[in-house]
Amino acid sequence: MTDASLVPPGARRMVGGFALARILWWLALLTIVGGVARIAATYPVLSATFDEPAHIAAGMQLLDRGDFTYEPLHPPLARVAAALGPWFAGYRAQNSGDLWIEGQRMFYGRDGRPDTGVVTLARFGILPFFVAAVGLVWLWTEYTFGAVEGALAAIALGNLPVMLAHAGLATTDAAFAMTFVAAFFAFLWWLERRSLPRGLALGAAVGLALCTKLLALLFLPAACGAVLVHRWFCDGRDWPVRALLLSGHRLVPPLAACLLTVWVVFGCRADPLYGVLSLADGVRQLLAFAGIGEPSYFLGEIAVHGSWAFFPVLILVKSPLPFLIAVAIGAAVLLRRDRRDWRRMAPLIGALAIIASVMPSPINIGLRHVLPALPLLAIVAAVGLGRLLEVPVAAHRAALAWVLVAWQTGEAAAAAPDYLPYFNQLALGQPQRIVTGSDLDWGQDVRRLAETLQQRRVEGLHLALHTSNDAQVYGVPPFEILYPGQPAVGWIAISEQMRAYYCAGYRWLDAYRPAAQVGASIRLYHVPGPPAEPSRPAAAQRFDWRVPQPCATASPGR
């Protein structure tokens, strides 16, 4: 049997006389460039999602006023990146005292007219994180597995719809995926050799992750701790665990670099502990939020404290099937061939640790919260695809590899520009039965609704939309709120989140067929009948939107 490790790297894998690594290198580069273009193409199509105005407002406060007081629950790095474009364009903080009001005010220009261009400027600030994430995964995989696998990892990650979706929004999730991967790789690099430069790089990377999302305090210990346990299990007495634990002086450079990074991100305040205290306040708010719980819709039910199956199921239904197949092959290869190599096992162990750490979470409001696991799974997928292409190359294995790459690339292309509500074939074309919220309906189709209504010459309607923005900003004609339990006639637009959370109150709409589907998240109805009576003003005062009206309630065990 030929030992692939004895074959010169340049001659290991050839396609039509060309080195496979070179072909994949160009495909990976094209994936990054094409990904940037595809993400930017969504800007004029998708309206502002629910959280974007608040993130922009919080970042603008730090940029313009040097304060970060609106909401410490989300650290400032990604928010500042989102606010940079608007700030350079002349937008400034409005000092409203509330980040949601502040975000709304930024939709109106200095002349008082609607100005949605601020969202486009803000979204450009997140694009570098996408490029950095794909590039870092490429370099990490090449460093650990080889050039072929490195390029395949970049292709796999760059064609994940969920990654393309959140990289196109002015939110914190894509940025956190990148900074987490950087911090996790820096830890592995430092664990390999605990030198001063690597320690400083580790501290800076951890500081950036902490300043992007507080989930770093859960994910980094889980992933890094799992790697430490695995290394101890594999190396046993050959690994000086005691020396690592007792070498406290080696932790000083990483800690100093981390604190310095936090200080810089929070604006180099005169008070060197301002950033640390803000992060601590954010942790307190996060723990209080988790203790209260957040209603979430999942598999036809609404639960206050979540479901352990939420994140595993969403990974299965919102990842392209070829990606999942490649991940399964890669995991099998690692477990069979490299299970005692902690460096090679780290991506698989890290991804599993992230998913396991968040499964008990009472907050189930989006796959985006475990987005950092997907770059690690892309590395595992690349290992699987690389195994199919190893020499001696079997035609059927090589064909399967190329089919999986082409299939995933085609899935991503077909999803454009609706990367956010992408679901694979396992959803059976009815994703609203599985989940809504930021995985399906985050307010991204309001602009499309306005265009549809204009084309149909609709002059007035009833609305029930999941959005934090004034629909009139996008040109929606005069409307009245459609409250649950109050049937109306005429034109009605309702989004999937509203249908799910207030199912009992809107169930009467099931008797009608939608006149149009707007994007993936809004149904447009025309209910015949006499002219609708104006909504009673008291309706807005009586109804509490914080109380869902489900058609089914979660079982006590969830």
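Me: Hi! Which hand does the crossing of H6 and H9 have?
Reply: Hello! In this predicted model, H6 and H9 make a left-handed crossing.

Me: And what's the angle between those two, and how close do the axes come?
Reply: They cross at roughly 25°, and the axes of H6 (residues 127-144) and H9 (residues 173-192) come within 8 Å. Since angles under 35 degrees count as roughly parallel, H6 is therefore roughly parallel to H9.

Me: Cool. Which residues of H6 and H9 make the contact?
Reply: H6 brings Phe129, Ala132, Ala133, Leu136, Val137, Trp140 and Tyr143. From H9, the residues include Met178, Phe184, Phe185, Leu188, Trp189 and Glu192.

Me: How do they divide into nonpolar, polar and charged?
Reply: The contact of H6 with H9 has 16 nonpolar residues, 1 polar and 1 charged.

Me: Switching topic: where is Gly225 found?
Reply: Gly225 sits in helix H11, which covers residues 216-235.

Me: Is Gly225 buried, exposed or partly exposed, and what is its relative accessible area?
Reply: Gly225 is partly exposed, because its relative accessible area is 24%, and buried would mean under 20%.

Me: What separates the C-alpha atoms of Gly225 and Gly350?
Reply: Their C-alpha atoms are 9.0 Å apart, while Gly225 and Gly350 are 125 residues apart along the chain.

Me: Last thing, what's the mean pLDDT of the chain?
Reply: The mean pLDDT is 89, and 89% of the residues reach 70 or more.

Me: And where does pLDDT stay under 50?
Reply: Residues 1-11 stay under 50, and the model has 6 contacts beyond four places in sequence for that stretch.

Technical notes:
Residues are numbered from 1 along each chain as its sequence is written. This is a predicted model: local features need pLDDT of at least 70, side-chain atom pairs count only at pLDDT 80 or more; totals for chains, interfaces and linings use all residues. Side-chain values use heavy atoms; hydrogens and water are left out. Axes are lines fitted to C-alpha atoms, for helices over the stretch in contact, and angles run from 0 to 180 degrees between N-to-C directions. Helices (H or I, at least four residues) and strands (E, at least two) are DSSP runs, numbered from the N terminus. Angles under 35 degrees count as roughly parallel, over 145 as roughly antiparallel, 65 to 115 as roughly perpendicular and the rest as oblique. A crossing is left-handed if the near helix is turned anticlockwise from the far one by less than a right angle, and right-handed if clockwise. Contact means heavy atoms within 4.5 Å. Ala, Val, Leu, Ile, Met, Phe, Trp, Tyr, Cys and Pro count as nonpolar, Asp, Glu, Lys and Arg as charged, and the others, Gly among them, as polar. Buried means under 20% relative accessible area, exposed over 50%, partly exposed in between (1.4 Å probe, protein chains only). pLDDT is the predictor's confidence in each residue, from 0 to 100.
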